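Student: Can we walk through this one together? I'd like to work from single strands up to the whole chain.

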Amino acid sequence: MATRWFGAPVQRLEDPRLLRGRGNYVDDIDLPEMLHAAVLRSTQARARIVSIDASAAWSLPGVHLVLTAQDLGEVLEPSPLLVPHAALTQPRTQLPLARDTVRYVGEAVALVVADDRYIAEDALDLIDVEYESFPVVHSLEVASITDGPLVHDDVPGNVAAHLAQTVGDPDSVFASAPHVLHETLLIDRGAAMPMECRGIVARWDAQDSMLTCWISTQGPLPIRNGLAAIFHLPEHKVRVVAPDVGGGFGTKIMMFYPEEVLIPFVAMQLGRPVKWIEDRREHFISANQERSQLHEVEYAFDDAGILLAVRDTFLHDTGAYAPYGIIVPIITACTLPGPYRLRHYSSEFTVLYTNKVPVSPYRGAGRPQAVFVMERIMDRIASELHLDRLEVRARNFISPGEFPWDVGLVYQDGGPTKYDSGDYLAGLDKLKVLLDYDTFPALQAQARSEGRYLGIGVGAYVEGTGIGPYEGALVRVESDGRVFVSTGVTTQGQAHITTFAQIVADQLGIAPDDVMVSTGDTQAFNWGVGTYASRAATVAGSAIHIAAVKVREKAKMVAADLFEAAPEDIELADGKVFVRDAPHRALTLGQVAISSNPLRYAYGENARTLMSMKLAGPRPGPALPEERGGPGLEASGFYSPPHGSFASGIHGAIIEVDPVTCNVTFVKYAAVHDCGRVINPMVVEGQVHGGVAQGIGGAFFERLVYDEEGQIINASFMDYLLPTAAEVPSLLVDHVETPSPLNPLGVKGAGEAGVIPVPALFASAIDNALAPFGIRIREMPLHPSRLYELLRDAKDKPAL
């Protein structure tokens, strides 16, 4: 009986190499005669470029090239609109270098290539750019002003897009509902801040007409395809490799950042390798950001706490450009109904340009905003009716017997927002146990008698995952019995090397250690999309599974010929292939791989042993039967989901608020997650832990602050605070497994789940802790100073 690896807590196979400092990141790439690049970025948020004088930079010894927009020729084209939409009536994307106008602080204006980065940076200081500044659109409020300043002169009212969707008949429900409330809710800007910033190394081989790029990216195949088109090269003459990537979180799924076009361009111009590595300041002002939305939400409910209808109208800040179209606000609109039986829902949003860094999905991608709104609604209903908050949620949950549940909206991939499976009440029950929920009132009362303010908060969510269009994979058994797997997705810490190996090991009867996984190399696998939207395990994992099943069946077919048995009687286990009733007569998987390739010679110990065994002689007919589909034990597999799968979960926390300093401490944190069948529980828990840490940052620490001139005034880790081990509590994690019927593995995504409900539960917990002061949180992220202001302004607060 083969060991079952799917579902086992296998230690991460990646870690020994990474923990020993043997990782290979973009900045580790060191090539002979390599040059280094630096980018001159706009100091103005909205201005006309009057002139650029680069003569002094050109004269600096060690400088090889200075580029401005006029030097790019046909390469000076806007980056592609990645996801068009009919509602996006005014799409605008960025040029590799600004030509006439800059629209945010940090926009690329010029590029210098020099012997080293120090000389390149010195040369940037010698470039004289004259700007004519204009009034800045620094907020959603300014963007909305009638006849106000415009980010793009040809975009009236700064409106990039407007989309309305309606389910049921909310107007009629509001007209007759017993209770109707209205609130304004805000989530402000944040950023991903991966440990490794962006970077690229490009090498042009003129003799071979081959362009090779090493990029810290989440989408090497789309970038390969794009570079081939830009530079008029066959796709097989462009190789893009995403080596080890030190975090992505959505920020690195762009196509194209300016540098991803500029660095290959200058490498081809100069005939030498060129490296550019983003520094942290650049990341603050030029890597895409997210989160800023302003919601006006109205909701109706009855005396039992049943949510009857929601009408949500919101503004979405897309920054200076919209490279990802309107994906983020669409996700927000489709996520807002959450796990609740909402039959009447109106969603309307307007996407506005501002003079800020462009927006694209960042871990959570519109979902934290939606969950913040809906969970604020649930808490308010409970407060108005004097009901328990969890009881209100339970009364509104979709029940297991109601799946599949069609929310009635068109999701980001153009498919339906249709929940495939779930058991939300089971998750709620597990959370109550983890939090000791029923005993909390006594704990809170005791704390208040001591002058301490404890609060408990919850946040429930449904997360769209596993969207298409497709992914593929190749699985090949080597002659030594190890198995090589390649796929087009990348890995940035999600343990794909481990989980993909477990999927293959389960099918081929080997250990995960014997599976070699290659990700993110366009030369190893030619087809695919990338790692984003919590889809790699679901979509690429299913493709790997399909390919591995094909290899298993082919191995059984080859072994059946050798053993003169039926294929259905062949088993694979412990690296061996044998007849079910005669396990003493076995071949290694590697020997079967050798036999599957009918040559007159073969190399290695496996081949020599195979030649000495008494097996069936040559079979009649061709040496390579047509039914085998070709030589070797290898197969490709592709998987395209019918529509997204929907994971879910509920988190809860107990916090303590100091009403004097307004610092907040987590006392306990618990998370219950449903991602369908769990491939590796340790990996899923790790994803939840990381997401929660990022969510805590987005709730109480990380907020990008722009001034009225469009300058980020906290663009360093001195002022933009990240949570540390001191702020992130120990986590209790449990699972509910409702397998997805949409893919052969029954899995759903897990990568973004941890971050999604944290702002909502944080607000819930603060409300609960500071109930004596009449506090209600309507904005995120908070920080001690802002919480102090809210507390100071609260009515009827008792004396401290």
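**Strands, cavities and odd backbone spots**

Student: Along strand 28, residues 731-735, which side chains point to the buried face?

Tutor: Keep in mind that this is a predicted model. The side chains of strand 28 alternate between two faces. Leu732 and Asp734 point to one face and are not buried. Pointing to the other face, and buried, are Leu731, Val733 and His735.

Student: Which residue of strand 28 is the bridge partner of His673?

Tutor: Strand 27 covers residues 664-674 and runs parallel to strand 28, with five bridges joining the two. His735 is on the buried face of strand 28. The bridge partner of His673 in strand 28 is His735.

Student: Strand 27, helix 18 and strand 28 make a β-α-β unit; is it right-handed or left-handed?

Tutor: Helix 18 takes up residues 681-700. The strands of the unit, 27 and 28, run parallel. With helix 18, they make a β-α-β unit that is right-handed.

Student: Ser716 is in the loop between helix 18 and strand 28. Is Ser716 buried, exposed or partly exposed?

Tutor: Buried would need a relative accessible area under 20%, and exposed would need over 50%. Ser716 has a relative accessible area of 25%, so it counts as partly exposed.

Student: How far is the C-alpha atom of Ser716 from that of Ala505?

Tutor: Along the chain, Ser716 and Ala505 are 211 residues apart. In space, their C-alpha atoms are separated by 45 Å.

Student: Let's go to the cavities. Which helix gives the most residues to the lining of the largest cavity?

Tutor: Searching the whole structure turns up four cavities of 30 Å³ or more, and the largest holds about 140 Å³ of space. Its lining has 17 residues, with Arg291, Tyr362, Gly698, Glu702 and Pro759 nearest the centre. By class, that lining splits into nine nonpolar, four polar and four charged residues. Three of the lining residues come from the helix that gives the most, helix 18.

Student: And how many charged residues are in the lining of the second largest cavity?

Tutor: The second largest cavity has a volume of about 110 Å³. It is lined by 15 residues, and Asp423, Tyr424, Gly427, Ser648 and Gly649 are nearest its centre. Helix 12, strand 18, strand 26 and strand 27 each supply at least two of the lining residues. Nine lining residues are nonpolar and four polar, and the number of charged ones is two.

Student: Now the backbone. In the hairpin of strand 22 and strand 23, which residue takes a positive phi?

Tutor: Strand 22 (residues 570-573) and strand 23 (residues 576-579) pair antiparallel over four bridges. Glu571 stands opposite Phe578 in that pairing. Two residues sit between the strands, and the residue with a positive phi near 55° is Asp574.

Student: Glu564 and Ala365 also have positive phi values without being glycine. Which is Glu564, buried or exposed?

Tutor: Glu564 has a phi near 55° and lies in the loop between helix 15 and strand 22. The cut-off for exposed is over 50% relative accessible area. At 68%, Glu564 is therefore exposed.

Student: What about Ala365, buried or exposed?

Tutor: The phi of Ala365 is about 50°, and its place is in the loop between strand 15 and helix 10. Buried means under 20% relative accessible area. With a value of 4%, Ala365 is therefore buried.

Student: Which residue is joined to Phe256 by a cis peptide bond?

Tutor: Phe256 is in the loop between strand 11 and helix 7. The cis bond there has an omega of about 0°, and the residue joined to Phe256 is Met255.

Student: Where is Pro469, which follows a cis peptide bond from Gly468?

Tutor: The bond from Gly468 to Pro469 has an omega near 5°. Pro469 is in the loop between strand 18 and strand 19.

Student: Last one: why is the chain called as compact as a globular protein of its length?

Tutor: The chain has 20 helices and 29 strands. For 800 residues the globule rule gives 28 Å, and the chain is as compact as a globular protein of that length because its radius of gyration is close to that, at 28 Å.

Terms used. Residues are numbered from 1 along each chain as its sequence is written. This is a predicted model: local features need pLDDT of at least 70, side-chain atom pairs count only at pLDDT 80 or more; totals for chains, interfaces and linings use all residues. Side-chain values use heavy atoms; hydrogens and water are left out. Buried means under 20% relative accessible area, exposed over 50%, partly exposed in between (1.4 Å probe, protein chains only). Two strands pair if DSSP finds at least two bridges between them. A crossover is right-handed if, with the strands pointing away from the viewer, the path from the first strand over the helix to the second runs clockwise. On a 1 Å grid over the protein atoms alone, a cavity is a set of points where a 1.4 Å probe fits but cannot get out, and a pocket is an open set with protein on both sides within 12 Å along at least five of seven lines; lining residues have an atom within 4 Å of a point. Grid points are joined across faces, edges and corners, and a volume is the space filled by probe spheres set on the points. Ala, Val, Leu, Ile, Met, Phe, Trp, Tyr, Cys and Pro count as nonpolar, Asp, Glu, Lys and Arg as charged, and the others, Gly among them, as polar. The radius of gyration is taken over C-alpha atoms; the globule rule is 2.2 Å times the number of residues to the power 0.38.
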